[in-house]
Amino acid sequence: MKIEQIISDAAAKAVKALYGVDAAPGTTTPQKTKKEFEGNLTLVVFPFLKASHKAPEATAQEIGEYLLAHEPAVAAFNVIKGFLNLVIAPAFWSEMLHHIDEEEQFGIRQATPDAPLIMVEYSSPNTNKPLHLGHVRNNLLGYSLSEILKANGNRVVKTNIVNDRGIHICKSMLAWQKWGDGITPEKAGKKGDHLIGDFYVLFDKHYKQEVKELEAQGMTAEEAEAASPLMQEARAMLRKWEAGDPEVRSVWEMMNNWVYAGFDETYRRLGVDFDKIYYESQTYLEGKEKVLEGLEKGIMYRKEDGSVWADLTGEGLDHKLLLRSDGTSVYMTQDIGTAKLRFKDYPIDKMIYVVGNEQNYHFQVLSILLDKLGFKWGKDLVHFSYGMVELPEGKMKSREGTVVDADDLMDEMIATARETSAELGKLDGCTAEEAEEISRIVGLGALKYFILKVDPRKNMTFNPKESIDFNGNTGPFIQYTHARICSVMRKAAEAGIDYRHEDTSLVAPTEKEISLIQHLADFPSVVAEAGRIYSPSLIANYVYDLVKEYNQFYHDYAILREANSQVRAFRLMLSANVAKVIKSGMGLLGIEVPDRM
RNA sequence: GGUUGAGUAGCUCAGCUGGAUAGAGCAACAGCCUUCUAAGCUGUGGGUCUUGGGUUCGAAUCCCAACUCAAUCACCA
């Protein structure tokens with residue numbers, strides 16, 4: 001049982017015995033004692049004053065004496081104002097560490113076959129351009145969230161809905177046909193997604209030129225945009241695509257495959273994956289049927305022009321279009337269709353959409369509509385909404401080429417890691433392959449941690465030159481600590497020391513060691529809380545605090561140099577378990593930790 | 001205007017279920033490597049927690065109002 005629970009129960013008993021009342025729920029839960037006071041856990045006694053009819057100090061004193069007499073885990077106490085600071089017996093902490101040491105997967109729960117099935121949708125790219133920094137945030141959040149949910153004993157299906165059809169891809173296709181001269185990724189020596197992205201930008205360039213010329217002839221901006229021959233051609237191509245024109249379809253298929261090959265490489269480097277990929281071209285017609293079904297049931301209504309709408313004024317929202325007057329689908333209809341397919345494929349209990357905050361309204365509406373249409377998870381669907389990533393000079397605009405490309409970014413991070421490592425002489429004695437692997441792990445670790453440590457709701461500014469540091473509250477700092485512990489463990493092994501062969505049960509931990517053990521013991525509840533509130537940043541900050549604390553310990557205490565073999569073994573055990581929790585915690589963020597760096 | 005989210009040190013952020021003197025990192029300055037990895041550790045300076053009310057023994061935290069910023073409120077996706 002957790003120490004907090006033991007103390008809470010004992011405190012409730014104390015209040016009952018001393019004052020004859022039941023303590024209100026939650027009031028007996030202790031909190032961590034602040035660093036500047038003596039003790040490990042603190043009980044705030046203000047809530048009990050009404051029952052005790054005594055001053056805070058006297059009440060705390062009484063409860064403290066009761067606990068000392070009746071609860072063996074309590075070794076001592078002190079009172080400051082209304083705060084009862086409890087010192088937990090060192091032997092208890094020692095036992096706690098042994099318990100942590102025995103659990104290979106400490107803090108991680110395995111899913112049972114009947115555990116809730118949660119589907120997490122993330123990434124969801126368009127196929128007309130490569131992934132950029134905004135996608136990186138999305139992918140990292142989605143992957144980490146999935147890992148955290150798994151660690152809480154859920155079954156998780158990671159899914160990606162690829163937006164592979166529409167006017168945007170037609171633009172790229174058209175530009176490729178007009179100016180591509182039959183080029184392929186192989187011939188260009190370029191990743192397919194980048195090649196297609198180039199044609200998208202090229203289309204926009206020519207299109208803007210056309211609009212400008214038409215405006216010069218006296219058209220308004222709106223008229224010019226409609227009259228642009230290029231845009232008309234792109235629209236015609238989309239109509240052909242929808243009609244199943246073989247030629248258009250074959251170009252479309254070829255170019256999308258180029259893009260997928262590029263995406264796959266980016267995903268692999270980023271370390272994210274999916275259990276099931278949906279393609280919009282295969283789902284976009286699905287929603288219509290469901291909407292018509294809703295029309296029959298009176299959930300939707302039809303206007304005179306034939307368009308179909310949902311009236312959401314009862315929910316405080318507006319009317320929402322679901323089918324155009326020509327009978328075609330809009331975005332919302334497609335999402336309803338995708339939901340239908342997903343539910344057919346998996347009996348999901350919960351659906352989580354990792355999508356930027358610009359779609360808050362969309363998901364609010366989707367939730368209501370799915371609920372009305374009878375999806376059991378519709379009402380409680382989670383829109384995991386995250387803020388924009390902006391650059392120092394403002395927003396990223398793909399058409400203007402002011403985006404930070406995901407592949408370039410990873411290259412840069414890894415290159416910086418390589419340089420920094422070389423400067424510090426960290427890679428001396430490594431093979432070229434080892435050095436490259438370490439640079440990769442460290443560079444990506446810096447990037448991932450930088451993004452995941454902040455609250456997803458917040459917009460974040462990303463300065464490519466300054467943002468990513470390797471010192472302080474960073475991924476490499478945490479990785480470094482792990483590597484350092486591994487180094488100690490290696491040296492221990494070389495010296496023939498195995499802490500498990502030593503009897504460490506009677507070693508009394510010092511205050512600093514207790515503090516570390518207490519921190520380690522928190523890991524399971526942090527994982528649980530991160531799963532409850534969907535927060536990778538909680539894990540990131542927890543690991544940082546743990547590492548900070550360990551480095552102080554490492555600095556002040558001898559481990560292998562300790563003469564007493566039992567104490568030495570105890571400290572090795574403590575170190576090994578800190579490394580273990582660092583590794584699991586970072587794993588929940590999708591960040592690898594190297595054994596040396 | 002409606003809705004949602006954010007506002008804490010020069011900068012980037014923790015602090016969410018109300019508790020003790022509001023914490024980290026970066027940047028600046030000053031120290032610590034013949035000894036387990038100095039990507040580390042220690043110290044100094046830096047705050048009207050946007051503002052005003054309210055609830056409470058106690059508010060950065062909860063409630064109300066205002067202000068600022070962002071997103072959104074399309075027969076785009």
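**Close-up views of RNA strand B and of the α18–α21 packing**

**View 1. Residues around RNA strand B.** Of the 64 residues around RNA strand B, those that come nearest are F83, K395, K426, Y480 and Y557. The model is predicted. By class, the surface near the strand has 26 nonpolar, 20 polar and 18 charged residues. Sugar or phosphate accounts for 62% of the atoms of RNA strand B within 4 Å of the protein, and bases for the rest.

**View 2. Secondary-structure elements at the RNA surface.** Elements that each supply at least two residues of the surface near RNA strand B include the strands β2 (41-44) and β4 (83-88). The helices α14 (331-345), α15 (360-372), α16 (406-423), α18 and α21 each do so as well.

**View 3. Polar contacts to the RNA backbone.** A polar side-chain atom of K458 is placed 2.5 Å from a phosphate oxygen of RNA strand B. For S487, a polar side-chain atom lies 2.6 Å from a phosphate oxygen of the strand. N473 uses a polar backbone atom, which is 3.3 Å from a sugar or linking oxygen of RNA strand B.

**View 4. Packing of α18 against α21.** Helix α18 (residues 475-494) packs with helix α21 (residues 536-556) at an angle of about 45°, and their axes are 10 Å apart. Because of this angle, α18 is oblique to α21. The crossing of α18 past α21 is left-handed.

**View 5. Residues in the α18–α21 contact.** From α18, the residues F477, I478, T481, R484, I485 and V488 take part. They meet V543, Y544, V547, K548, Y550, N551 and Y554 in α21. The residues of this contact divide into nine nonpolar, two polar and two charged.

Technical notes:
Residues numbered from 1 in each chain as written. Chains lettered and ligands numbered in written order. Predicted model: local features only at pLDDT ≥ 70, side-chain atom pairs only at ≥ 80, totals over all residues. Heavy atoms only, no water. Axes fitted to C-alpha atoms, helices over the stretch in contact; angles between N-to-C directions. Helix = DSSP H or I, 4+ residues; strand = E, 2+ residues; numbered from the N terminus. Parallel < 35°, antiparallel > 145°, perpendicular 65-115°, else oblique. Left-handed = near helix turned anticlockwise from the far one by under 90°. Contact = heavy atoms within 4.5 Å. Nonpolar A, V, L, I, M, F, W, Y, C, P; charged D, E, K, R; others polar. Near = heavy atom within 4 Å. Polar contact = N/O pair within 3.5 Å; in protein donor to acceptor, adjacent residues only side chain to side chain.
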